[in-house]
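Please open the structure in your viewer and keep the sequence panel beside it. This tour suggests what to select at each stop.

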Amino acid sequence: MQITRITVAAVCTAAAAFLAGCGSDTTSNQHVHEGSDDHHVIEPLSPQQIDADDTATTAMQMVLSWQPAIDESKADALLRATPYLGGDLLAVAESGTRADVRPDAEWQQWAAAKDAVTAVCAHSDTTPEAPAGMRTVVIDVICTQTVLHASGRSTRLTPQLWRTTTVRTDDGWRLTDYRFQQ
């Protein structure tokens, strides 16, 4: 079987056309960068730039998100929320002592399993109406915690209602108190 020059030329032409189609459609002067291998930490909202509602929900999400395998207690979450805290709550967080925080019944189980607990909070319709211009505002937030199991599964816990108090300072709104409602 003899391969003719025409057959070789046809195969080479087809291969060149195929390979040309695999390239980029931009010229070397028009390189387009689409994405990155850089890994960035997403920072929470700045407490100086958010309103009372966002302060209450952001702070409560941090207060109710735990890493039982790493955290000594739920007080560690309070320490992580320090930029959003004010008043007595900030004093407790900055005291350097662990407040007596009642652990959840599942804390030890979560710690042994290396599970994490994350919270998502939202403004509740039960929030009392505050007159405009108030420096102290009561805000109800509904928080739903989810247990993120090391196995990859997750368990959503029952949503909880929390009554929070936020105070406007010269440096933005700060969470000064929170109480479990139901």
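The stops below go from the whole chain to one pair of cysteines.

Before selecting anything, note that this is a predicted model, in which local features need pLDDT of at least 70 and side-chain atom pairs count only at pLDDT 80 or more, while totals for chains, interfaces and linings use all residues. Residues are numbered from 1 along each chain as its sequence is written, and side-chain values use heavy atoms, with hydrogens and water left out.

Begin with the whole chain in a cartoon view, where you will find 5 helices and 5 strands, taken as DSSP runs (helices H or I, at least four residues; strands E, at least two) and numbered from the N terminus. Followed along the sequence, the pattern reads α-α-α-α-α-β-β-β-β-β.

Next, turn on the surface, whose accessible area is about 12,400 Å², with 54% of it belonging to carbon and sulfur atoms, as computed by the Shrake-Rupley method with a 1.4 Å probe. Of the 182 residues in the chain, 32% are buried, a word that here means under 20% relative accessible area.

Now select C121 and C143, which a disulfide joins with an S to S distance of 2.2 Å; a disulfide is counted when a pair of cysteine sulfur atoms lies within 2.5 Å. The two partners are 22 residues apart, with C121 in strand β1 (residues 116–123) and C143 in strand β2 (residues 136–148). Looking along the S-S bond, you will see a right-handed link, with 115° about that bond.

Are these two cysteines buried or exposed? C121 is buried at 8% relative accessible area, and C143 is likewise buried, at 1%.

Note on methods
Buried means under 20% relative accessible area, exposed over 50%, partly exposed in between (1.4 Å probe, protein chains only).
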